[in-house]
Amino acid sequence: MSFLTLTTAIEAWPLKVPFVIARGAKTEAKVVAVSVSDGMFLGRGECVPYARYGETVESVVCAIEEAIGKSCIAGRDALQDVLAPGAARNALDCALWDLEAKRNRTSAAALAGIDALRPLETCYTLSLASPGEMAAAAAAVPQMKLLKLKLGGEGDQDRMQAVRRARPDARLVGDANEAWTPSMLLPLLTAASEAGIELIEQPLHADDDAALMRIPHLVPICADESAHSSSDILRLASRYDAVNIKLDKAGGLTEALDMAAEARRAGMRIMVGSMVATSLSIAPAFLVGQDADWVDLDGPLLLARDREPGFTIENGFIGPPPGALWG
C-alpha cells in the first residue's frame, strides 16, 4: 500500500435550501474527497465527517494521511485493522474498491459478487419545519413517491398528519434523529401508525434505546445513530426491527456489506442511507442498496450542483452510477 500516491481535498458543496434536522441546520455539504493512484490507475472515494461523533474534515484528513503512510496496509482487508469505523476509513476503503475494480478491468459490483445493478427508488428528505411548511414541501415534489420526514419531537404528530394529507399517494418514513423521549414513544408511534408511516428511524437517543424493548412497535423502528458496524447487530436486534447502514459510520463498503449480511442473519430489515453529499459518496452505497428494504440516497438532489458525471435521478429512481464516477 505504501507505493500508492494519496491525494486528499476538503470540499464544500452548496445546498439548494438549508437542510434542517433535530440537531441543527446547514447550508453546505463539507466532504473529504480522496484519490489513490498506483501510477497507472486511480481510485476515488468521498466521505462526510460526523459531527455527532466528534469528527471534522481536518481530523478525517489527518487520519487518512496517517493510515496511507503505514506500510502494513496491503489492501482493503488490512485497512479494517488500521482505521476504526468512521468517515476516514470510508473514503479510503471506497477509493481502494474503485482502484481494485479498475486494475482488474471489472466493476466494483462484480468484485462484491453482485449481478447487474438495478435502479433504486430513493427517499426524498423533507427538512424539519412546521407542519404546514413540510406539507407544502411534500406537495411540491409529486414525482417523489417515497418521502422521508425529518422529525423533532414536539409537534411531530401534526407534522406526520399534515404530510399525509398533502400526499395521500406517497410512502412515508420518519426520522427523529434521537429527538423523542421515552414518554413520547407510544403516543407518537400511534400517530405514525395512523398516518401510514412505514418506518421510524432512531426515535430515542442511542444511550436510551433499551426502552424500545418495553413498548410495542406499532411501526417498525430503525437503528441509525445506535448502529455503526456489524458488531452492533446482535445487540440491536432485540431493540430494533431494522438498521440504517451508512458507509460513513460503518467505515466503508467492505464493512457495510458485512453489516448487511449480519443484519439479514439476525432477521432485521435494512435501510441504506448516506449523509448529504455528492454522487461520489452514494455510488458505493448503491451496491448495498441492491438488497435493502428502504433506500435513502437523495443527497445529490439536495445540492445546488453535483459532480460530473453524477447519478441520474428521475421520478425518485437513481442509478446505476456511471463508471466514470466510481466503480
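This tour proceeds from the whole chain to two helix pairs and then to individual residues.

**Before starting**

The model is predicted, so local features are reported only at pLDDT of at least 70 and side-chain atom pairs only at pLDDT 80 or more, whereas totals for chains, interfaces and linings use all residues. Residues are numbered from 1 along each chain as its sequence is written, and side-chain values use heavy atoms, with hydrogens and water left out.

**The whole chain**

Display the C-alpha trace. Along the principal axes, the C-alpha atoms occupy a box of roughly 55 × 40 × 35 Å. The radius of gyration is 19 Å, which agrees with the value near 20 Å for a compact globule of 327 residues; the radius is taken over C-alpha atoms, and the globule rule is 2.2 Å times the number of residues to the power 0.38.

Switch to a cartoon. The secondary structure comprises eleven helices and 14 strands. These elements are DSSP runs numbered from the N terminus, helices being H or I of at least four residues and strands E of at least two.

Colouring by accessibility is the next step. Of the 327 residues, 55% count as buried (buried is under 20% relative accessible area, exposed over 50% and partly exposed in between, with a 1.4 Å probe and protein chains only). Among contacts between residues at least 6 apart in sequence, 67% join residues at least 24 apart; contact means heavy atoms within 4.5 Å.

**Helices α5 and α6**

Select residues 131-139 (α5) and 156-166 (α6). These helices pack at about 30 degrees, with their axes 8 Å apart. Axes are lines fitted to C-alpha atoms, for helices over the stretch in contact, and angles run from 0 to 180 degrees between N-to-C directions. The angle makes α5 roughly parallel to α6 (under 35 degrees is roughly parallel, over 145 roughly antiparallel, 65 to 115 roughly perpendicular and the rest oblique).

The crossing of α5 and α6 is right-handed, a term for the near helix being turned clockwise from the far one by less than a right angle, left-handed being anticlockwise. Show side chains at the interface: α5 contributes Pro131, Met134, Ala135 and Ala138, and α6 contributes Asp158, Arg159, Ala162, Val163 and Ala166. By class, seven of these residues are nonpolar, none is polar and two are charged. In this classification Ala, Val, Leu, Ile, Met, Phe, Trp, Tyr, Cys and Pro are nonpolar, Asp, Glu, Lys and Arg are charged, and the others, Gly among them, are polar.

**Helices α1 and α3**

Move to residues 57-68, which form α1, and to α3 at residues 87-103. The axes of α1 and α3 come within 8 Å and cross at roughly 50 degrees, and the two helices are therefore oblique to each other. Their crossing is right-handed. Val60, Ala63, Ile64, Ala67 and Ile68 of α1 meet Ala87, Ala88, Ala91 and Leu92 of α3. This contact has nine nonpolar residues, with no polar and no charged ones.

**Two positive phi values**

Most residues other than glycine have a negative phi, and most peptide bonds are trans.

Select Arg105 in the loop between α3 and α4 (108-111). Its phi is near 50 degrees. At 67% relative accessibility, Arg105 counts as exposed.

Next, select Glu178 in the loop between β7 (171-175) and α7 (185-194). Phi of Glu178 is near 70 degrees. At 11% relative accessibility, Glu178 counts as buried.

**Two cis peptide bonds**

Centre on the bond from Glu308 to Pro309, which is cis with omega near -5 degrees. Pro309 is found in the loop between β12 (294-296) and β13 (313-314).

Proceed to Gly319 and Pro320, which are joined by a cis bond with omega of about -5 degrees. Pro320 is in the segment after β14 (317-318).

**Val31 and Ser274**

Val31 is in strand β2, residues 24-37. At 0% relative accessibility, this residue counts as buried. Measuring from its C-alpha to that of Pro49, 18 residues away along the chain, should give 7.2 Å. Beyond neighbours within four places in sequence, Val31 is in contact with residues including Trp13, Cys47, Val57, Ala277 and Arg307.

Finish at Ser274, in the loop between β11 (269-273) and α11 (279-288). Ser274 counts as buried at 16% relative accessibility. Leaving aside neighbours within four places in sequence, its contacts are Lys246, Ile282, Asp296 and Leu297.
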